[in-house]
Amino acid sequence: MRSVPLWALVSSGCAPVFLVMGWLVAASLQGPPYDPAAQTISVLAAPGNSGSWVMTAAFIALGLCHLLTAWSLRPAATAGRMALAAGGVAALAVAMVPAPSSGGSLSHGSVTTLGFAVLAAWPVLAARAGTAAPWALRPLPSLGATSVMAVGAAWFLVELHLHGVAGMAERAVTTLQSVWPFVVVLSCLRGSPRDGCPS
């Protein structure tokens, strides 16, 4: 019996698809006033914007995908699974607490920051020692993924502060954060059902 169900490929693989398609469609509905390089994804979900319903739906779908994937990843350490699930809850909260159409929001900013933090931390928290562990759950790749995500999140915060290319930075880090669970699932399923991931 596989330690990771095959349907985890769907939940983890759909996460980046929902996210990227969400911001592409929402931006096209918003039209020329929206600058994807400078403006954040959250702006697309702000009440009153043409594509807000699309981006909100994408955040909800992303959150559900992360929750399902966290549930399925039995080979990962419990702390990592909980962090991934927390990232899913944060995505749902972002949908429920949208950014205002103008100005800032402490509640939205807090939820977004929490989401970035737990999704950056989950790879290293999910790591398992030993050669029997799937490649993407070994300490070195896990630490590498967390480090790249943390640097990306820091880049986003700097660009946001400087009013630079915050949208580009956010898209880079959120894409990586949404793809990594799929990489981990693939790495777990590469082994045979007999000698697959440790439980």
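Okay, let's start with a question: where does Ser11 lie? Ser11 lies in helix α1. Quick reminder before I go on: what you have up there is a predicted model.

So, more on Ser11. Is Ser11 buried or exposed? Ser11 comes out at a relative accessible area of 5%, and since buried means under 20%, Ser11 is buried. Now look at what the Ser11 side chain is doing in there. One polar contact goes to the side chain of Thr69, at 2.9 Å. The Ser11 side chain also reaches a backbone oxygen, that of Ala8, at 3.2 Å.

Let's stay on that helix and turn to the surface. Helix α1 runs over residues 8-30, and there's a nonpolar surface patch made of Val17, Met21, Leu24, Val25, Leu29 and Trp53. Together those side chains have about 580 Å² of accessible area. Which element gives the most to the patch? That's helix α1, with five residues.

Take Met21 as one member of the patch. Met21 sits in helix α1, and its relative accessibility is 45%. That falls between the 20% and 50% cut-offs, so Met21 counts as partly exposed.

Now, aromatics. How many aromatic pairs does the count come to? Three. The one I'd like to show you is Phe116 with Phe156. For anyone who doesn't do this every day, a ring pair is described by the distance of the centres and the angle of the planes. For Phe116 and Phe156 the centres are 5.2 Å apart and the planes are at 40°, which puts the pair down as tilted. Why does that pair tie together parts that are 40 residues apart in sequence? Because Phe116 belongs to helix α5, residues 106-125, while Phe156 belongs to helix α6, residues 139-162. Both Phe116 and Phe156 are buried, by the way.

While we're on rings, have a look at Trp23. Arg171 lies over the face of Trp23, and the distance from the ring centre is 5.2 Å.

Last stop, back to helix α6, where you'll find Leu160. Buried, exposed or in between? Leu160 has 39% relative accessibility, so the label is partly exposed. And here's a pair of numbers for Leu160 and Leu137: they are 23 residues apart in sequence, and C-alpha to C-alpha they are 32 Å apart in space.

That's my tour, so go ahead and rotate the model while we talk.

Note on methods. Residues are numbered from 1 along each chain as its sequence is written. This is a predicted model: local features need pLDDT of at least 70, side-chain atom pairs count only at pLDDT 80 or more; totals for chains, interfaces and linings use all residues. Side-chain values use heavy atoms; hydrogens and water are left out. Patches are made of residues with over 30% relative accessible area and no salt bridge: like charges are joined within 9 Å, nonpolar side chains (Val, Leu, Ile, Met, Phe, Trp, Tyr) within 5 Å. Accessible areas come from the Shrake-Rupley method with a 1.4 Å probe; for residues, only the protein chains shown count as cover. A salt bridge is a side-chain nitrogen of Lys or Arg within 4 Å of a carboxyl oxygen of Asp or Glu. Helices (H or I, at least four residues) and strands (E, at least two) are DSSP runs, numbered from the N terminus. Buried means under 20% relative accessible area, exposed over 50%, partly exposed in between (1.4 Å probe, protein chains only). Rings of Phe, Tyr and Trp (its six-membered ring) pair if their centres lie within 6.5 Å; planes under 30 degrees apart count as stacked, over 60 as edge-to-face and the rest as tilted. A charge sits over a ring if NZ of Lys or CZ of Arg is within 6 Å of the ring centre and within 35 degrees of the ring normal. A polar contact is a pair of N or O atoms within 3.5 Å; within protein, one must be able to donate a hydrogen and the other to accept it, and residues adjacent in sequence count only if both atoms are side-chain atoms.
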